[in-house]
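Walk through this fold with the coordinates open beside the text. The route runs from the sheet to the helices, then to single residues.

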Amino acid sequence: MNFADRLQAIVLERESQVALGLDPDPAQLLPEAVSEASAMPGSAAERAGHAVARHCTALIDAAGPACAAVKLQLACFERLGAPGWAALADVAAAARDAGLLVIADGKRGDVPHTAAAYAQALLGSTPTPWGDVRGLGADAVTVNPLLGRDSLEPLVTAARARDAGCFVLVRTSNEGAAEIQDEASPGSPPLRERLARLVRDLGAGGIGNSGLADVGAVVAATEPALLAGLRDAMPHAVFLLPGVGAQGGRAELLGPAFAPGRAAALVAASRSIVAPALETGSPGAARAAAEALRKAAWEASPAGG
C-alpha cells in the first residue's frame with residue numbers, strides 16, 4: 001500500500017483532510033507545558049524541549065481526532081538543538097500512536113549525495129559499524145526542487161521504499177512566491193508549471209490503487225485561482241495546501257484540488273487551529289477549530305472520491 005493509498009484509508013475513515021501544523025514557539029506554549037517544564041531540573045534547552053513536546057502532544061490529543069495528519073515544522077524543533085530533535089521524535093511518535101500520518105516539513109533539497117543523507121535522517125536509517133541508526137520515520141517529507149530532478153530522486157526512492165511520500169514545492173503560500181514561481185519569460189511557462197510537470201513525471205512510477213501518486217505537490221491555498229490549472233497538470237498528485245486561516249486561504253474555495261477524490265489534498269493549518277488554544281490556555285479549543293476546518297474541507301470536496 002503506497003503513501004497515497006494509506007492516506008486515502010485514513011481520510012475516508014476519519015472523514016478528514018486536515019493536516020495539523022505544529023510549529024511550536026518556545027515563547028508561546030500552553031500553560032500546562034510551561035508549568036511542567038519549569039518544575040524540572042536541566043538546562044534551558046532541555047526544559048524548552050520538554051515543554052515543546054508536551055505542548056504538541058496536548059494539541060495532538062485535543063485536535064488529532066479531527067485530523068488525518070500532522071505537519072511538523074522541523075526548524076521549530078531543530079533550533080533547540082539535541083533536546084529539540086528529541087522533542088521532534090517524541091511528537092512524531094505521539095502522532096503515530098494517535099493514528100495520524102507524520103509529514104516532516106523541512107523543504108529539503110540538495111545535491112544527490114546530501115539528499116540521500118536527508119532521506120536517511122527523515123525517512124529511513126543510517127548504517128554504521130555499530131548498527132543502523134534510525135531516523136525520524138516520517139510518512140512524508142516536503143522537498144525543494146530547485147536543484148533539479150537528481151536532487152529529488154534519492155528522497156523519492158527512499159520514500160517509495162517504505163511506502164512514504166514526498167511533497168514537492170510547486171506554488172508556495174508566502175507573499176514573495178509570485179516573484180519567482182509565477183513569472184514567465186517569452187516562450188517559457190511560469191516556473192510553477194514546469195515544477196508541476198516534474199511532479200507528474202516523478203509520481204508516474206508510484207500511482208496506487210487510489211489513483212493517486214506518492215509524489216505530491218505543495219500548492220498554496222491562498223491562490224485558489226491557480227488550483228484548477230495545477231490540478232490539470234498534476235492529475236494524480238496529492239496536494240498539500242498551506243495557507244488556510246491566518247494567511248487568508250479559505251477551505252470552501254479549494255474544490256478543484258479535490259477533483260480526483262476525497263484524499264487528493266490535505267489542508268494544512270497551524271495558527272488557525274493552535275491560536276484558540278493559546279488564547280484560552282486550553283488545548284480543547286484547538287479541537288473546535290480543527291473540527292470546523294474538517295467540516296469545511298469535507299464539504300468542499302467531491303462526495304464520489
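In which sense do E6 and strand E7 pair, and over how many bridges? They pair in the parallel sense, over four bridges. E7 spans residues 165-171. One point of register is easy to find: Thr142 stands opposite Phe167 in E7. Keep in mind that this is a predicted model.

Now widen the view. Eight strands close into a barrel, with parallel pairing. Their order is E1-E2-E3-E6-E7-E8-E9-E10. From one strand to the next, the twist averages 30°. Strands of a sheet pair through backbone hydrogen bonds, either parallel or antiparallel.

Step to the other neighbour of E6 in that order, E3. Strand E3 covers residues 101-108 and pairs with E6 in the parallel sense over three bridges. Here Arg108 has Val143 in E6 as its bridge partner. On the far side of E7 comes E8 in the barrel order. Strand E8 takes in residues 215-219, and five bridges join E7 to E8. These two strands run parallel. Arg171 has Val219 in E8 as its bridge partner.

What happens to the side chains of such a strand? In a regular strand the side chains alternate between the two faces of the sheet. Strand E6, residues 140-143, shows both faces covered. Ala140 and Thr142 lie on one side, Val141 and Val143 on the other. All four are buried. Thr142, the residue opposite Phe167, is thus part of a strand with cover on both sides.

Next, the helices. Helix H1, residues 3-14, lies across E3, E6, E7 and strand E10. Strand E10 is 265-269. H1 runs at about 130° to E3. H7 also packs on the sheet. H7 touches E3, E6, E7 and E8, and its direction makes about 140° with that of E7.

H7 has a helix partner too. Helix H7 (residues 149-161) packs with helix H9 (residues 191-203) at an angle of about 40°. Their axes are 11 Å apart. Roughly parallel would need an angle under 35 degrees, so H7 and H9 are oblique to each other. The crossing of H7 past H9 is right-handed. From H7, the residues in this contact are Arg149, Leu152, Glu153 and Arg160. From H9 come Leu198, Asp201, Leu202 and Gly203. What is the chemical make-up of the contact of H7 with H9? Its residues divide into three nonpolar, one polar and four charged.

Turn to single residues, beginning with Gly21 in strand E1 (residues 18-22). Buried means under 20% relative accessible area, so Gly21, at 3%, counts as buried. Leaving out residues up to four places away in sequence, Gly21 touches Lys71, Ala269, Ser270 and Val274. Ala269 belongs to the stretch given for E10, 265-269. Gly21 and Phe3 are 18 residues apart in sequence. In space they are 19 Å apart, C-alpha to C-alpha.

Gln73 sits in strand E2 (residues 69-73). Is Gln73 buried or exposed? Its relative accessibility is 19%, so Gln73 counts as buried. With residues up to four places away in sequence left out, Gln73 touches Leu22, Asp23, Asp105 and Lys107.

A second glutamine, Gln181, is placed in helix H8 (residues 177-181). Gln181 has a relative accessible area of 13% and is buried. Beyond its neighbours within four places in sequence, Gln181 is in contact with Val170, Arg171, Thr172, Pro190, Leu191 and Arg192. Arg171 is also the residue bridged to Val219.

Finish with the backbone. Most residues other than glycine have a negative phi, and most peptide bonds are trans. Which sign does phi have at Lys107? It is positive, about 50°, although Lys107 is not a glycine. Lys107 lies in strand E3. Its relative accessible area is 36%, so Lys107 is partly exposed. Asp163 is not a glycine either, yet has a positive phi of about 55°. Asp163 lies in the loop between H7 and E7. At 34% relative accessible area, Asp163 is partly exposed.

Key:
Residues numbered from 1 in each chain as written. Predicted model: local features only at pLDDT ≥ 70, side-chain atom pairs only at ≥ 80, totals over all residues. Heavy atoms only, no water. Axes fitted to C-alpha atoms, helices over the stretch in contact; angles between N-to-C directions. Parallel < 35°, antiparallel > 145°, perpendicular 65-115°, else oblique. Left-handed = near helix turned anticlockwise from the far one by under 90°. Contact = heavy atoms within 4.5 Å. Nonpolar A, V, L, I, M, F, W, Y, C, P; charged D, E, K, R; others polar. Buried < 20%, exposed > 50% of the residue type's maximum accessible area, 1.4 Å probe, protein only. Pairing = 2+ DSSP bridges.
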